[in-house]
Amino acid sequence: MRSDTIKKGFERAPHRSLLRATGQIRERGDFDKPFVAICNSFVEIIPGHVHLQEFGRVVKEAVRAAGGVPFEFNTIGVDDGIAMGHDGMRFSLPSRELIADSVETMVQAHCFDAMVCIPNCDKIVPGMLMGAARANIPTIFISGGPMRAGVDRGGQKVDLISVFEAVGARAAGTIDDNRLEELEIAGCPTCGSCSGMFTANSMNCLCEALGIALPGNGTILAVSPDRHRLARAAASQVLELLRRGIRFRDIVTAEAIDNAVALDVAMGGSTNTLLHVIAVAHEAGIEYPLARFNEVAERVPHLAKVSPAWDGNRQWHIQDVDAAGGVPALLAELAKKPGTLFHDALTVTGKTVGENLDGVRNLDDECIRPITRPHAERGALCVLFGNLAPGGAVIKVGAVEQHQMTFRGPARVFEDEESATAAVRVNDIRPGEVLVIRGEGPRGGPGMREMLSLTSMLKGMPIGAEVALLTDGRFSGGTRGLCIGHVSPESAEGGPIGLIRDGDVVCIDLMNRKLDVELDPAELRARRASWMPPKPRYTSGWLSRYAAMVTNAGRGAVLEWPPSSNVASNGVETTTRSTTVAIDALTHSMRDTYRPTPAGVGR
């Protein structure tokens, strides 16, 4: 066992002494058992995580009952909803890298034999996946579970996005403060990850299709007793993975990622999943280009419209998907169409995907459409390419109305989210415009802020269906409508989005996966020649180091040193000046952080 490194032999007596002091070694024979890391993300400011302290105890007891010795550690977490709309959101995506580093550090420093990961929300799930890919030990994921949908006084189901969109309605004067407060109180009624197909639930569902979590992981409610039963089963199963020598990268292969993407586009997951899937693939040593999402979406139909999408006049939530049979029911429908899934992919059950689906049925063919009656023949997420996004841009096409599949209009350029939000708030937006928000990418932001406050405000206003939004930043999984994010290369590295001006005509063609600006190449080259990189917003602290090393969204916004952002993900050359600025910022930050300590002064 890996843990023998820290517990076997007379030389390890000091190590054993320290281990005894933790209280986890309860008898001498525990030194002969596998040491299992319990990677928990309990924090009290995230509703998806407030219950995970007790949840962790359930997992630890089950690990001990199965013959392992559990050692729990925690990660940080950022609540994207609470961080939304201010500078705190700049720390959300970067927190993914800190979580990945923490997982890798804890596992490698303490020589754990196996690991149970307990994530739930947004960046915590991919951060743990990335760290687990680096550690590459037997690992199983068990999330804290989704929140129940709320219900307003009229009996209508509501969720967090209802509250965000109500802010726009309140700004437009179509609802009053009493209605806004009613939705505020009803929108988030229990603990758990928010109740729609937003980023957290998308990633927890993808863990099932990826094979790294047991069936039920993505949809069983946080408040259901079945969630604790699933946790006990996961804790026990990780010891079986260890016995069989099945490690993380034995499960997470290119084929497994294709299965996860197939589920993603079938259920209309968050656009953020593309960012995270590419990052996890990178850490697992798998080449998974952004264009491969389109290849999967071409052969996989759209079967479920879950909030924020609407299915006619009805809106489904995660609890409805669970009642219909959950992720297994969705996968079982896909399995009926040849070429949609890799049935032989291994999972943490010890069985293949195909074996796991034996006997699974779709229990509600309105919530989960049968393969013969999909919402659309192509998947609900797509990547756009063109002269405005040579490295790609992302949209949840399944949450776009049919009449918006093509859009052509003049650009209205904003240099940050705040200026765009201010214009929307005072109704300074005209129908037919394409709102271009730049300087919000992974480097330029830095941190690639989500813009749910802005998009929800737009959708809560009458003009929301008559404009398009384009950004090198990103959106919440709760965003719907003609909102295109992740434009790469980003403006901070000289991408075309940084070159367009007010009035330039932008053309969006979702059917043909195209995103262009009506400018000839010579004009774009002339503008690029005079382009200057922006000054970094941060010259010290974590965000300055992050901005110096982060790649663009088309490459998963992973960290890389030395930076190679002078070449976009598709090989198109951009300027190297932004790299120089980033390196200068990193150097400045390091000087601030590592000043010599005066003689005689303790550190």
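In this predicted model, strand 3 (residues 114–118) runs parallel to strand 4, and three bridges pair them. One bridge links C117 to F141 in strand 4. The two strands belong to an open sheet of four, ordered 2-1-3-4, with parallel pairing. Strand 2 (69–74) and strand 4 (139–141) stand at the edges. Each has a single partner strand, so one side of each is left without a neighbour in the sheet. On average, neighbouring strands of this sheet are turned by 20° against each other, direction ignored.

**The nonpolar cores**

In soluble globular proteins, nonpolar side chains tend to be buried together. Here the largest nonpolar core holds 116 residues. Which of its residues touch the most other members? They are V116, L129, F141 and I212. Helix 12 (residues 254–267) gives the largest share of this core, ten residues. A separate core has 30 residues, including A389, A393, L482 and W531.

L129 deserves a closer look. Setting aside its neighbours within four places in sequence, L129 is in contact with F141, M203, C207, L210, I212, F248 and V280. F141 is also the bridge partner of C117.

**The cavities**

Rolling a probe the size of a water molecule over the atoms shows where empty space is left. The model has three cavities of 30 Å³ or more. The largest has a volume of about 80 Å³. Its lining is made of L129, M203, L206, C207, L210, I257, A260, V277 and V280. Three elements give two or more residues to this lining: helix 9, helix 12 and helix 13 (272–283). Helix 9 supplies the largest share, four residues. L129 lines this cavity, and L129 is also among the core residues that touch the most other members.

**Two enclosed elements**

Is helix 16 (residues 326–335) mostly buried or exposed? Nine of its ten residues are buried, so helix 16 is largely enclosed by the rest of the structure. The buried ones are G326, V327, P328, A329, L330, L331, A332, E333 and L334. What covers them includes helix 9 (199–210), helix 12 and helix 15 (318–323).

Strand 8 (residues 389–395) is enclosed too. Seven of its seven residues are buried, so the rest of the structure largely encloses it. A hairpin of two residues joins strand 7 to strand 8. Strand 8 also pairs with strand 12. The table sets out the strand pairings described here.

| Strands | Sense | Bridges | Facing residues |
|---|---|---|---|
| Strand 3 and strand 4 | parallel | three bridges | C117 and F141 |
| Strand 7 (382–386) and strand 8 | antiparallel | four bridges | L384 and A393 |
| Strand 8 and strand 12 (483–488) | antiparallel | two bridges | G392 and S488 |

A393 ties two parts of this picture together. A393 faces L384 across the pairing of strands 7 and 8, and A393 also belongs to the core of 30 residues.

**An exposed helix residue**

What about A529? A529 is found in helix 20 (residues 521–529). Why does A529 count as exposed? Its relative accessible area is 64%, and exposed means over 50%. How far apart in space are A529 and G494? Their C-alpha atoms are 9.8 Å apart, although the two residues are 35 residues apart in sequence.

Terms used
Residues are numbered from 1 along each chain as its sequence is written. This is a predicted model: local features need pLDDT of at least 70, side-chain atom pairs count only at pLDDT 80 or more; totals for chains, interfaces and linings use all residues. Side-chain values use heavy atoms; hydrogens and water are left out. A nonpolar core is a set of buried Ala, Val, Leu, Ile, Met, Phe, Trp, Tyr and Cys residues joined through side-chain atoms within 4.5 Å. Buried means under 20% relative accessible area, exposed over 50%, partly exposed in between (1.4 Å probe, protein chains only). Contact means heavy atoms within 4.5 Å. Two strands pair if DSSP finds at least two bridges between them. Axes are lines fitted to C-alpha atoms, for helices over the stretch in contact, and angles run from 0 to 180 degrees between N-to-C directions. On a 1 Å grid over the protein atoms alone, a cavity is a set of points where a 1.4 Å probe fits but cannot get out, and a pocket is an open set with protein on both sides within 12 Å along at least five of seven lines; lining residues have an atom within 4 Å of a point. Grid points are joined across faces, edges and corners, and a volume is the space filled by probe spheres set on the points.
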